[in-house]
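Student: I'm new to this structure, and I'd like a close look at its charged pairs. Please take me slowly through the network they form, and then show me what surrounds it.

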Amino acid sequence: MTESVIQSRTTSKAAVTAKHVRIKCIVWDLDNTLWDGTLLEGDEVRLRDKVRETILELDSRGILHSIASRNHAETALTKLRELGLEEYFLYPQINWGSKVASIGVIAENLNIGIDSICFIDDDPFERAEVHAALPKVFCLDHSQLPFLLQMPELKPEIITTELRMRRQLYLGEMRRKQTEEAFTGAHEEFLATLGMVFTISPAHAEDLTRAEELTNRTNQLNTTGRTYSREELEELRCSGRYLLLMAELSDKFGSYGKIGLALVECDPEVWIIKLLLMSCRVMNRGVGMILLNYILRRALESGVRLLSEFVANDRNRMMYVTYKFAGFTEVETRDGVQILQHGLESIPPVPGYVQVEMPAESARLFTRVQGVPLR
């Protein structure tokens, strides 16, 4: 049955039916919305009932928070700090400008679509202005706060580890950017200061939702553009013929999350890389070849011939260059699929500034693949 899964996965991302976009970030007004009272009028402002609990619960679901408020920035941030909530709001826009502009800045910084933002404000004029300029933003009155946790737009079907740590991923990236902007040396010198750790392990059941997301959302650093459902990935993962590998990256600022995926078909004499991809969030970290390097070394140790499939599109040329740089050559084309081969005579080294970790289960996984003679 896994053969049919592989054969059916030739659909490009453009042909995948778009799913309903869920809310990824709530943008809050402050006065008389997040809290009762007007801060600059000297009111003793207090959080509205159940707001803290709502923010923490939504954060645990992977829903981000930010602010679009006409206020004095330092005064408002000081109050948020006193309330113990400042760390939950990413890229807060507290100024005297348009909230339409503020929402645009937030969406750009978070790299999310306008249609995945919910805006909450007590002022009907502010909501009307945002709706007129940004009709895809989901606008709510502050009176809807008690019902937020029950809204389907704010209830992910599956809450993964990746979702639970989503805010921390963004906070880590913000700190990296700040540090990199202040760094005066060469880019590789900066990378050497990060203390990066690249971990390769077999995909577990709890990884499959993230793996599905990677196949649907990763375009540039993707060798075939094929997409896989969670159910298909589970079938492949449990097969004795296919290896499904996940890669995670972390550094001194925290984890980048699960950022890489490889699917390898393993026959006794030939291995075929059916899919190799890396998240664009690590494009400039110099780690793009590490997962491929691992597969090359395992193939060499196993004494097999190594092939890879590549399906060119208008966005993934960088992966073709990666393959060529690694030493792959094209041997044939089958129905639009280029078949590349690596001779395994020379395998590029791992960058010295990255520590690669492979749990023991990663090595044992290869011995469980039917017919693969590990040496």
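Tutor: One definition will help us from the start: a residue is called buried under 20% relative accessible area, exposed over 50%, and partly exposed in between, using a 1.4 Å probe and counting protein chains only. Please also keep in mind that this is a predicted model, in which local features need pLDDT of at least 70 and side-chain atom pairs count only at pLDDT 80 or more, while totals for chains, interfaces and linings use all residues. Residues are numbered from 1 along each chain as its sequence is written, and side-chain values use heavy atoms, with hydrogens and water left out.

Let's start with the charges. Side chains of opposite charge can pair when their charged atoms come close. Here, a salt bridge is a side-chain nitrogen of Lys or Arg within 4 Å of a carboxyl oxygen of Asp or Glu. The structure holds 27 of them.

Find Glu 265 and Arg 241, whose closest N and O atoms are 2.6 Å apart in a salt bridge. Glu 265 belongs to strand β10 (residues 254-266) and Arg 241 to the loop between α10 and β9 (242-251), so their pairing ties together parts that are 24 residues apart in sequence. The helices and strands I name are DSSP runs, numbered from the N terminus: H or I of at least four residues for a helix, E of at least two for a strand. The two partners differ in how much they show: Glu 265 is buried, with a relative accessible area of 6%, whereas Arg 241 is partly exposed at 27%. Both belong to one network, in which salt bridges that share partners join Arg 226, Arg 241, Glu 265, Asp 267, Lys 274 and Glu 309.

Now turn to another pair in that network. Arg 226 and Glu 309 meet through their side chains in a salt bridge of 2.5 Å, N to O. Arg 226 sits in the loop between α9 and α10 (230-238), and Glu 309 in strand β12 (residues 305-310), so this pair ties together parts that are 83 residues apart in sequence. Arg 226 is buried, with 6% relative accessible area, and Glu 309 is buried too, at 8%.

A further charged pair takes us to helix α9. Glu 162 forms a salt bridge with Arg 210, with 3.7 Å between the closest N and O atoms. This pair links distant parts of the chain, as Glu 162 lies in helix α6 (residues 161-164) and Arg 210 in helix α9 (residues 208-217), 48 residues apart. Glu 162 counts as buried at 10% relative accessibility, and so does Arg 210, at 8%.

Let your eye travel along α9 itself. This helix is mostly covered, with seven of its ten residues buried. Those residues are Leu 208, Thr 209, Arg 210, Ala 211, Glu 212, Leu 214 and Thr 215. What do they pack against? The buried residues of α9 pack against α6, α10, β9, β10 and β11 (270-278), where contact means heavy atoms within 4.5 Å. So you meet β10 again, the strand that holds Glu 265.

Helix α11 (residues 290-302) is the next stop, and Ser 302 is in it. Ser 302 counts as buried, at 1% relative accessibility. A polar atom of its side chain lies 2.9 Å from the backbone oxygen of Arg 298. For a view of a residue that shows more of itself, look at Lys 324 in helix α12 (residues 317-326). Lys 324 is partly exposed, with a relative accessible area of 39%. Between Lys 324 and Leu 344 there are 13 Å in space, C-alpha to C-alpha, and 20 residues in sequence.

Finally, let's step back to the whole chain. Its secondary structure comes to 13 helices and 15 strands. Its C-alpha atoms fill a box of roughly 75 × 45 × 35 Å, taken along the principal axes. Of the 375 residues, 50% count as buried. Among the contacts with a separation of 6 or more, 71% come from residues 24 or more positions apart. The pair of Arg 226 and Glu 309, with its 83 residues of separation, is a good one to return to as you explore.

How values were computed: A polar contact is a pair of N or O atoms within 3.5 Å; within protein, one must be able to donate a hydrogen and the other to accept it, and residues adjacent in sequence count only if both atoms are side-chain atoms.
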